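Got the structure loaded and a selection box ready? Let's take a walk through it, one stop at a time.

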Amino acid sequence: MYRSHTCGELRIDNVGQEVTLSGWVQRSRELGGLTFIDVRDRYGITQITLNSDDNADLAAQARKIGREFVVQIKGTVKERSSKNKNIPTGEIEIIASAINILNASKTPPFTIEDDTDGGEELRAKYRYLDLRRNVVKEKLALRNKVALETRKFLDTEEFIDVETPYLIKSTPEGARDFVVPSRMNEGEFYALPQSPQTFKQLLMVSGYDRYYQIVKCFRDEDLRADRQPEFTQIDCEMSFVDQEDVLNTFEKMVQHLFKTCRNVELDKAFPRMTYAEAMEKYGSDKPDIRFGMEFVNLNDVAQNKGFKVFDDAEVVLAINAEQCSVYTRKQLDALTKWVQRPQIGAKGMVYVKCNEDGSFKSSVDKFYSQEDLKAWADKANAKPGDLLLVLSGDLHTTRNQMNELRLHMGDELGLRNPNVFKPLWVVDFPLLEWDEESGRYHAMHHPFTSPKQEDIALIETDPGKVRANAYDLAMNGVELGGGSIRIHDRDLQAKMFDLLGFSKEEAEEQFGFLMSAFEYGAPPHGGLAFGLDRLVATMGGSSSIRDYIAFPKNNNGRDVMIDAPAALNEEQLTELNLALNIQAAE
């Protein structure tokens, strides 16, 4: 037996017991004739004490032990004279009677502490060491708790967990597929699923009216801080439901998860907002509603005054930063430079200070009178002491830029508390979006999303105005999940494929199995998929999902720990009937 207790288990009630602990050495220190060793495992940390006066040989052995050595300690539990209230085991220590070094350790490349000296790249290379840190263990423990409570909730709601295949057929919609060559089927390839979309719909046709799966998904797309090439979904589908049924079910699930995993009570009914309203007020389909600063359209009061930048713009938008008129010129210049960064791309920014005496100071004073600027302030409900920040340009770009500026100001003013959680259902998305490059419509969500019943007639006359029976759950500026009521009628699905530019032959080749299934009694159905990684990161108050994934990839899609992806040797390529066609860079 390597241990009788874990390193986080012993308490004052255990005083006098003979125990055996095993774990890693967090640190050791000398104080006169005493040697102290902190031994750590997944469950906690316990102080081991040795006195050279009592056992000089054992104390000498202990002094040879370094950080991250794996050790087994035998001894007696004793009450500490100097207690540590910062750890659960802080009232006791172990008076060691025997030490067994199970494995020595090289000096780690970074300190394995909550506040480590290791950079992100170094910690990624030695991820197995980074995983020993408490801050990372706590994140993975939260992930485990969320997954467990998800299963509990869905089980009580009569959902059945069904696995779907990882080796499937490549389809043309969405992000690029990861493809897998088939040795037994020469010249043919599997694809890794971007989601189990068609399979969960087939399960509805099969009569499994409540399905779920916590499942890996794969997308070969350019990565950002909140993206990974492989990620995990809480994937769910239901039959004989409308949008209201789906939203109510998963509203309850999210409330359950926050209560059981974070002891946070969310609103009894989540607010809802249409996509059009979200874009108009926040320039985002996943708005952060923890704070205000809604967009204000100034077109009617700012244009046609001789200021060409505004006069030539499709839209002039402002946000009101309350009580920020005290911003200095240096601070305002810094904000202007911030929006001019390539990531944001604004050409400039206009400001209006609403002074305490009722006057106004603006960067465009020579074009606008005090009365003009007062009209701006009135429209934005700005009070003395407030600051208006104004951007202009084409509608889509300016909304995106103002969204980034709004979030930046929220951070600057401390309005985005990571321990405050504000959910929001965003509904009534457009069914389609026009792509100039390809000259055709693309599905905003996916080709299986049902249009709103009242908009079906517009498919023939004005497809750009058709609304989808789709919905997303946003929280704190993050999309936690999304879904839709699906098309379950073959004729409507065929019409959708036609609208998206599929020929009948292409539609049959790619999705003939699904179209065929719809001819055998497909029920009305819909569902929702949560990004488990993002959900847990948001619950943990983090903007990055990487620490909540045991072995994540970097922004280039590489696992630097195992150095993947990697080349195949010639024998493997031959066996798979593959030949590389990579031209050397000039």
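**Stop one: helix α6**

Select residues 243–262. That is helix α6, and at 1.5 Å a residue its 20 residues should span 28 Å; the C-alpha atoms at its ends are 28 Å apart, so the two agree. Keep in mind throughout that you are looking at a predicted model.

Now go to the N-terminal end of the helix. D242 is the cap there, with a side-chain oxygen 3.2 Å from the backbone nitrogen of E244. At the other end, α6 is followed by N263, which has a positive phi, near 55 degrees.

Next, colour the buried positions of α6: Q243, V246, L247, T249, F250, E251, M253, V254, Q255, L257, F258 and C261. Two of those names, F250 and F258, come back at the next stop.

**Stop two: the nonpolar cores**

Which residues touch the most other members of the largest nonpolar core? Show V146, L154, I234, F250, F258 and F530, out of 41 residues in that core. The largest share of this core comes from α6, which puts in eight residues.

Zoom in on F250. Leaving aside residues up to four places away in sequence, F250 touches L154, F159, C236, M238, L528 and F530. There is also a second, separate core, this one of 32 residues; A278, Y282, L432 and A517 are among them.

**Stop three: helix α12**

Select residues 395–412 for another helix check. The 18 residues of α12 should span 26 Å at 1.5 Å a residue, and the end C-alpha atoms are 25 Å apart, which agrees. At the start of this helix, look for D394: one of its side-chain oxygens reaches to within 3.3 Å of the backbone nitrogen of H396. Just past the helix, G414 takes a positive phi of about 70 degrees.

The buried list for α12 runs through T398, R399, Q401, M402, N403, L405, R406, L407, H408, M409 and G410. What covers them? Turn on α7 (275–282), β13 (315–321), α10 (329–339) and β16, which are included in that cover.

**Stop four: the second largest pocket**

If your viewer draws pockets, go to the second largest one, with a volume of about 650 Å³. Its lining has 27 residues, and R42, Y43, G44, N134 and K137 are the closest to the centre. Strands β1 (18–31), β2 (34–41) and β3 (44–51), along with helix α4 (134–156), each supply at least two lining residues. Which of these elements gives the most? Pick α4, with six residues in the lining.

**Stop five: three buried residues**

Stay with β1 for a moment and select T20, which lies in that strand. T20 has a relative accessible area of 10%, so it is buried. Around T20 you will find contacts with Y2, R3, S4, H5, Q72, I73 and K74, again leaving out residues up to four places away in sequence.

Then jump to I99 in strand β5 (residues 92–103). At 10% relative accessibility, I99 counts as buried. Draw a distance from I99 to Q61: they are 38 residues apart in sequence, and 8.0 Å apart in space, C-alpha to C-alpha. Beyond four places in sequence, I99 touches L50, L58, Q61, A62, I65, Q72 and I73.

Last of the trio is Q493, in helix α14 (residues 490–499). Is Q493 buried or exposed? The relative accessibility is 0%, so Q493 counts as buried. Show P447, F448, I487, M515 and F518, which Q493 touches, not counting residues up to four places away in sequence.

**Stop six: backbone oddities**

One bit of background helps here: most residues other than glycine have a negative phi, and most peptide bonds are trans.

Find N381 in the loop between α11 (370–379) and β16 (387–393). Phi of N381 is positive, near 55 degrees, and at 62% relative accessibility N381 counts as exposed.

Move on to N577, in the segment after α17. Phi is positive here too, near 60 degrees, while N577 is partly exposed, with a relative accessible area of 40%.

Finish at P565, in the loop between α16 (532–539) and α17 (570–575). Check the peptide bond that joins A564 and P565: it is cis, with omega about 5 degrees.

How values were computed: Residues numbered from 1 in each chain as written. Predicted model: local features only at pLDDT ≥ 70, side-chain atom pairs only at ≥ 80, totals over all residues. Heavy atoms only, no water. Helix = DSSP H or I, 4+ residues; strand = E, 2+ residues; numbered from the N terminus. Expected span 1.5 Å × (residues − 1). Buried < 20%, exposed > 50% of the residue type's maximum accessible area, 1.4 Å probe, protein only. Polar contact = N/O pair within 3.5 Å; in protein donor to acceptor, adjacent residues only side chain to side chain. Core = buried A, V, L, I, M, F, W, Y, C linked by side-chain atoms within 4.5 Å. Contact = heavy atoms within 4.5 Å. 1 Å grid on protein atoms, 1.4 Å probe; cavity = no way out; pocket = protein on both sides within 12 Å on 5 of 7 lines; lining within 4 Å. Points joined across faces, edges and corners; volume = space filled by probe spheres on them.
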